[in-house]
Amino acid sequence: MNTDTDAKEKLEGLLRRLTSSGHTVREVSKKPQVYSIDGHLVNIRSRGKLRRAAEGDRQFWYSVAFSVLEKVQWVIFMTTEADYFVMLPSDLLDSLKDRMYPDRSAEGLKGVFDIDWDQLEIVLRGGERVSINDYYQNLDEFSFPA
């Protein structure tokens, strides 16, 4: 199956599940992909292609546009399983942007990093790892932090 199709299907499934669980979901913009979920502005990122790290961990690479971090409160990164994701505060990602890999196609405008789903860590330039365990969400118990 095509990588883009997998990512699109994951996104559509998440949005359907949020709506069916009673959350109010509204698309705010297509580019950048921003949604209002229960009144919170959220960018949702999904990937269809998994890679195995040398250690055997499941990792996906993601890019984030620095300009979107100024527009949203949260960025959701979808995991390999439909009911789980991480929801990171945009200010956390903003604090890490100087340590992300540069995006060659948009240098200075985007940062690139891996998420190690087995360890629940962001993998930054030079192998630096930042725990995101506190931001791991189960869709059935999803709510925004107070």
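Select Tyr62, Phe77, Phe113 and Trp117: ring pairs link these residues into a cluster. The model is predicted. Across the whole structure, a search turns up 8 aromatic pairs.

Now isolate Tyr62 and Trp117. Their ring centres are 6.5 Å apart and their planes meet at 80°, so this pair is edge-to-face; planes over 60 degrees apart fall in that class. Colour by element of structure next. Tyr62 belongs to strand β5 (residues 58-65), while Trp117 sits in the loop between β9 (110-116) and β10 (121-123), so the contact ties together parts 55 residues apart in sequence.

Are these two residues buried or exposed? Tyr62 has 1% relative accessibility and counts as buried. Trp117 is buried too, at 6%. The cut-off for buried is under 20%.

Go to Phe77 and show strand β6 (residues 74-78) around it. Of the 5 residues in β6, 5 are buried. In a regular strand, side chains alternate between the two faces of the sheet. Check each face of β6: Trp74, Ile76 and Met78 lie on one side, Val75 and Phe77 on the other, and all are buried.

Which strands pair with β6? Add β3 (residues 40-45): it runs parallel to β6, joined by 4 bridges. Pick Asn43, which stands opposite Val75 in β6. Then add β7 (residues 84-89), which pairs with β6 in the antiparallel sense over 5 bridges. Here Phe77 stands opposite Val86 in β7.

Last stop: select Lys97 and Phe66. The charged end of Lys97 sits over the ring of Phe66, 5.4 Å from the ring centre.

Terms used:
Residues numbered from 1 in each chain as written. Predicted model: local features only at pLDDT ≥ 70, side-chain atom pairs only at ≥ 80, totals over all residues. Heavy atoms only, no water. Buried < 20%, exposed > 50% of the residue type's maximum accessible area, 1.4 Å probe, protein only. Helix = DSSP H or I, 4+ residues; strand = E, 2+ residues; numbered from the N terminus. Pairing = 2+ DSSP bridges. Phe/Tyr/Trp six-rings, centres within 6.5 Å; stacked < 30°, edge-to-face > 60°. Lys NZ or Arg CZ within 6 Å of the ring centre and 35° of its normal.
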